[in-house]
Amino acid sequence: FKTERDDLRVRDPCVVRTDRGKRLGEVLTPLQPIPEAVPAQSLCDVIRRANPEDLVNVERVNKESVPRAIKTCKELIQKLNLQMKVTDVDYVYGGERVIFYFTSETRVDFRELVRLLAHEFRTRIELKQVGARDEARLVGDAGHCGLTLCCRSHLKELGGITMDMAKIQKHTADPSKITGRCGKLLCCLRYEYTTYTEGRDVMPARG
């Protein structure tokens, strides 16, 4: 993000503009010059510092509007007999639009659902289908290690994980030990894979 303000400090809440509309953000690092290699037009804007009213509105949306939206969407899905499951709702700041995330094993015609939701909430409605790993990122909490799921805390791109990554690290073949909340192989299997493959070439043979 970029800003011309010089009074923002770490942990300050602020309103920012993203490709999905206005959002409430939090300053994570001290302000620093934009590197020459980064084109300024590729960065989103910090609009202003958030005020107490902004924080109250966001808290109200999270406590009241989101649960109501999920409940309403579930009822409409059941009424329309659609083979889909709503997993999360994202209220874009200021009520510009509401994004519903859902999972489904089949292709779903949700045009009527969008129409009914738009009539109910009087704003722009978007429905986005997500896979199992994206669902875990949206609603998951902690992994086997007790820490926040990697996909939720810091992983920006979810790369491919193969069974070979588990085998070379001598992990158990028990699926419950090497699969995450999404039911797929653990993302962290990839972290040390390169070290194991390179080490295999220089270590002496077993025995």
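## The antiparallel sheet β2-β1-β3

Threonine 18 stands opposite glycine 21 of strand β2. This pair belongs to a predicted model, in which a hairpin connects β1 to β2 through two residues. The pairing of β1 (residues 13-18) with β2 is antiparallel and extends over six bridges. Cysteine 14 of this region faces glycine 25 in β2.

Cysteine 14 also has a bridge partner in β3, namely arginine 49. Strands β1 and β3 are antiparallel to each other and pair over four bridges. Together the three strands make an open sheet in the order β2-β1-β3, with antiparallel pairing. Its edge strands are β2 (21-26) and β3 (45-49), each of which pairs on one side only. From one strand to the next, the twist averages 35°.

## The mixed sheet β4-β5-β6

Another open sheet consists of three strands in the order β4-β5-β6, and its pairing is mixed. Here β4 and β6 are the edge strands, each pairing on one side only. Neighbouring strands of this sheet are turned against each other by 25° on average, with direction ignored. In general, the strands of a sheet pair through backbone hydrogen bonds, in either a parallel or an antiparallel manner.

Both senses of pairing can be followed from β5. Strands β4 and β5 run antiparallel and are joined by six bridges, with aspartate 90 having isoleucine 99 in β5 as its bridge partner. The two strands form a hairpin with five residues between them, and glycine 94 in the turn has a positive phi of about 85°. By contrast, β5 (residues 97-103) and β6 pair in the parallel sense, over six bridges. Within that pairing, valine 98 has isoleucine 125 of β6 as its bridge partner.

Is β4 enclosed or open, given how many of its residues are buried? Five of its seven residues are buried, so β4 is largely enclosed by the rest of the structure.

## Helices lying across β4 and β5

Two helices lie across strands β4 and β5. Helix α1 does so while running at about 145° to β4. Helix α3 also lies across β4 and β5, and its angle to β4 is about 50°.

Leucine 138 is a residue of helix α3. Its relative accessible area is 21%, so leucine 138 counts as partly exposed, because the buried class is reserved for values under 20%. Apart from neighbours within four places in sequence, leucine 138 is in contact with Thr87, Asp88, Tyr101, Val130 and Arg152. Leucine 138 and valine 58 are separated by 80 residues in sequence and by 18 Å in space, C-alpha to C-alpha.

## Positive phi outside glycine

Most residues other than glycine have a negative phi. Asparagine 81 is not a glycine, yet has a positive phi of about 55°. Its place is in the loop between α1 (52-80) and β4 (85-91). Is asparagine 81 buried or exposed? Its relative accessibility is 60%, so asparagine 81 counts as exposed.

Arginine 122 likewise has a positive phi, of about 55°, although it is not a glycine. This residue lies in the loop between α2 (111-121) and β6 (124-129). With a relative accessible area of 65%, arginine 122 is exposed.

## The second largest pocket

The second largest pocket holds about 320 Å³ of space. Which residues of its lining lie nearest the centre? They are Leu149, Cys150, Leu186, Cys187 and Cys188, out of 18 lining residues. By class, the lining comprises 12 nonpolar, four polar and two charged residues.

Helices α3 (132-139) and α4 (150-153) each contribute at least two residues to the lining of this pocket. Helix α3 thus appears in two settings: it lies across β4 and β5, and it supplies part of the lining of the second largest pocket.

Technical notes: Residues are numbered from 1 along each chain as its sequence is written. This is a predicted model: local features need pLDDT of at least 70, side-chain atom pairs count only at pLDDT 80 or more; totals for chains, interfaces and linings use all residues. Side-chain values use heavy atoms; hydrogens and water are left out. On a 1 Å grid over the protein atoms alone, a cavity is a set of points where a 1.4 Å probe fits but cannot get out, and a pocket is an open set with protein on both sides within 12 Å along at least five of seven lines; lining residues have an atom within 4 Å of a point. Grid points are joined across faces, edges and corners, and a volume is the space filled by probe spheres set on the points. Ala, Val, Leu, Ile, Met, Phe, Trp, Tyr, Cys and Pro count as nonpolar, Asp, Glu, Lys and Arg as charged, and the others, Gly among them, as polar. Buried means under 20% relative accessible area, exposed over 50%, partly exposed in between (1.4 Å probe, protein chains only). Two strands pair if DSSP finds at least two bridges between them. Axes are lines fitted to C-alpha atoms, for helices over the stretch in contact, and angles run from 0 to 180 degrees between N-to-C directions. Contact means heavy atoms within 4.5 Å.
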